[in-house]
Every structure is written in C-alpha cells, then in structure tokens.
Amino acid sequence: MNLSDLKNDWINEFPQPMMIAGPCSAESEAQMLETARRIKETGAQVPIFRAGIWKPRTKPNGFEGVGVIGLNWLKKVKEEYGFKTATEVANAHHVFAALEADVDILWIGARSTVNPFTVQEIAMALRGTNKTVLVKNPVNPDLALWIGALERLLGQGIENLGAIHRGFSTYQKTKYRNNPNWQIALDFKSQFPNIPMLIDPSHICGNRTGLAGITQEAMNVGYQGAIIESHCNPDEAWSDASQQITPEVLAELIGNLKIRNSGLAGFDGEMGRHRTLISDLDFQLIELLSQRMKISEKIGKLKKENDIAIFQPERWKVITEYATQKARETGMSQDFIEKVFKAIHEESIEVQNSIMIDRK
Ligand code: PEP
Ligand code: MN
C-alpha cells in the first residue's frame, strides 16, 4: 500500500476544520484542567486537547516536560470534559506510555521527523495498533524527509495519518519563529490530497499576533484543521509563553475564521494557492532587501572610516552587469531588472549617506 491509497477516514469523526488546542506543555493537573474547562466553556468547536508531556528543548537545563505523570492529567481532561487527547512522542518508551494511558492521537515533533532512526523506532513501537499519528514537518525544508516519515509509519501498518505544517528553521531571524515556506506544504498537499494537513500557527509565528493570519491563510488553501497552543495563563507558561493564547482568545480566533466550502477545488482554491505563494515570495524579497540594506550600512561605515566616496562607478558597473546577465538567464526583461536594481542602489546610497551625515 502507498500513502496515496490511504483513505484517512479518521478525520471524518471530527467537525472540520478539525481543531486541536491546549498548552504547549502539561505543567500541573490544575493548569491542565483549568485550560480544558475554559476551552470547553467558550463553546468553541475544539474536540481535541493537546499537551506536551515530554518536551524537546533546544538547550539543556530548560523545562523538559513533566513526564508520565502528565498522562494522568490528560486522562482526567478526557474524563471530565470529553476531549480526545493528543501528545508528542519521540521514542518507543513514550509510545508505550502514551498507548497505556489511552492517548487518542500521537504526533511526531519536528526535531524527530528529521531522524529516520527515531521515526522508525516510533513506527515499530506502534505496530499492531490503529493509532492516529500526525507528523510535523521536519525542522529543515526537506519534503522527502517529511513524506519518508509517513512512509515509515505506513510500513508498520499505521494507516490513520495526518501532517502538520509548523514551519521551517532559518538561520536569519525573521518575523516568524519558523518560516512557513508554504510551497513545501502545498507541494505535499498536491501530492497527497488524501492526507489531512493541519496548520500549527503557534510554532510558525512564535508570537500571539500572527496566529489568526496564518490560520486563515491555511484555511484559504484548503487545510483540514489547526493545532494551536492555548494556556490558562499564557504569560506564566513554562514553555513557549510568547506564543500561547488564553482559551477565550482562542475561541475568538476560531470564531473569526472564514471557511470556504470550495476547499482546494475550483477557481477560488487555485487563486488562494497562488496568492499564498506570491505573499510568501514577497515576504522573502523584503527580508532579503532588508539584509542587503544592513550590509550597505556596514559598507557605509567602512567608507566613512576610510574616507572613501560613497558612489563607486566601477562597483555599480559590476552590479549592473551581473544583474542583467541573470535577467537574461532567467528570461526576464533586462530593462525591468535594471530598473529594480537602480531603485535598490539608490536606496543603498541613501542609507550610506545618512551614515556619513550622522557621524559628522
Ligand atoms: C510542540 O508542538 O509543542 C512542539 C514541540 O512542536 P515542534 O515539534 O513543532 O517544535
Ligand atoms: Mn510549543
């Protein structure tokens, strides 16, 4: 059986878009129950409660999760409020403990998806169960690795699968914690329209203000749901405090989403997809321009310290030459590229000029 053959009927058990919400980490029984109660009380359509029990932290000595005791709290959330539950598993021991505690949905985190040994270990531990497993994209922008992880699960007979788009690491700091790189997730979606795709705006944004925009964008391009971090007291959260929202803010976000019936089909779907890709590229253009201007500033400082004229005609000649050459190679109008570079160069000189004036 191939990934393309999977029916993934499991998702039809839930209203769509399928929402998963809950804290980044389980911290205490009280925090879990209060968060669950408040999500329930908002009346928002959130059938699944998430909480990280084991936390992969970038640096040592941070809070690494409460461990198995938190599984009891997930169980209580299920018993008291009727949620299905979800948690991250990163090795066979986690899988056995989560199965034992009857967690309904497991997900593989972005740091695990990159490692075929880890994914294989998890897949083998799940063999013979019919758990639903969601696979987050790997931290690095590698579509094959993401698909490969799902194939490993299928290889062990796990047929209830889904994917989570949580963005990709970049060295350059941008306004996102993890760059969405929509292209990769949309390529995944076109290759496997039968595998539910959820958006994780929390880990893409790393802040609270961008969540609604990213979630709406995902709905516009036909994602089937979202996983959003929500905490009863976000400012005091033990992990990912800056991106978590209260249950009430979560409910407002969900209530404001515009869900289009057309999904990926037809004109709207196609337009939505193209627009998302264009916005993604525009964002990258702006980031690149900003990086270029920052380097210009550094050059401006060097020129000032060494008493060199700002405008260097021979340098401008080199830039025009490679820009028009590249325009030829990519089939764009040379005239257009020259105009663009003239504008960039003018701004760059402007930036350097202001440095000269500032420092006088
Ligand atoms: C999480 O969902 O809390 C998490 C650790 O996510 P990711 O694997 O995307 O970093
Ligand atoms: Mn988190």
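**Exercise 1. Determine whether H203 is buried or exposed, and then place H203 among the donors of the manganese ion (ligand 2).**

Solution. Begin with the surface: H203 has a relative accessible area of 8% and is therefore buried, where buried means under 20% relative accessible area, exposed over 50% and partly exposed in between, with a 1.4 Å probe and protein chains only. The model is a predicted one, in which local features need pLDDT of at least 70 and side-chain atom pairs count only at pLDDT 80 or more, while totals for chains, interfaces and linings use all residues. Residues are numbered from 1 along each chain as its sequence is written, chains are lettered from A and ligands numbered from 1 in the order in which they are written, and side-chain values use heavy atoms, with hydrogens and water left out.

Next, turn to the metal: C24 (SG), H203 (NE2), E229 (OE) and D240 (OD) are the protein donors of the manganese ion (ligand 2), at 2.1 to 2.4 Å from it. Donors are N, O and S atoms within 2.8 Å of the metal (3.2 Å for Na, K and Ca), and since water is not among the atoms, sites may look incomplete. Along the chain these donors follow the spacing C-x178-H-x25-E-x10-D. Distant parts of the chain are linked by the pair H203 and D240, which are 37 residues apart, with H203 in helix α8 (residues 201–205) and D240 in the loop between β8 (225–229) and α10 (247–256). Helices (H or I, at least four residues) and strands (E, at least two) are DSSP runs, numbered from the N terminus. Finally, D240 also counts as buried, because its relative accessibility is 16%.

**Exercise 2. Describe the surroundings of S239 and of R177.**

Solution. Take S239 to start with, which lies in the loop between β8 and α10 and is buried at a relative accessible area of 2%. Once its neighbours within four places in sequence are left aside, S239 is in contact (heavy atoms within 4.5 Å) with C24, S25, E27, K55, R57 and Q244; C24 is also one of the donors of the manganese ion.

Then take R177, which is placed in the loop between β6 (160–165) and α7 and counts as partly exposed, with 32% relative accessibility. Again leaving aside neighbours within four places in sequence, R177 is in contact with H203, I204, C205, G206, D240 and Q243, and H203 and D240 are both among the manganese donors. The C-alpha atoms of R177 and G167 are 8.2 Å apart, although 10 residues separate them along the chain.

**Exercise 3. Work out how α6 is placed against α5 and against α7.**

Solution. First consider helix α5 (residues 116–126) and helix α6 (residues 143–155), whose axes are 8 Å apart and which pack at an angle of about 25°; the axes are lines fitted to C-alpha atoms, for helices over the stretch in contact, and angles run from 0 to 180 degrees between N-to-C directions. This angle makes α5 roughly parallel to α6, given that angles under 35 degrees count as roughly parallel, over 145 as roughly antiparallel, 65 to 115 as roughly perpendicular and the rest as oblique. P116, V119, Q120, A123 and L126 of α5 make the contact with A149, R152 and L153 of α6. These contact residues comprise 6 nonpolar, 1 polar and 1 charged, where Ala, Val, Leu, Ile, Met, Phe, Trp, Tyr, Cys and Pro count as nonpolar, Asp, Glu, Lys and Arg as charged, and the others, Gly among them, as polar.

Now consider helix α7 (residues 182–191), whose axis comes within 10 Å of that of α6, the two crossing at roughly 45°. The two helices are therefore oblique to each other. From α6, L143, W146, I147 and L150 meet I184, A185, D187, F188 and Q191 of α7, and by class this contact has 7 nonpolar, 1 polar and 1 charged residues.

**Exercise 4. State how many helices and strands the protein has, and how much of the protein is buried.**

Solution. The protein contains 13 helices and 8 strands, and its C-alpha trace spans about 75 × 45 × 40 Å along the principal axes. Of its 360 residues, 50% are buried. Finally, among contacts between residues at least 6 apart in sequence, 74% join residues at least 24 apart.
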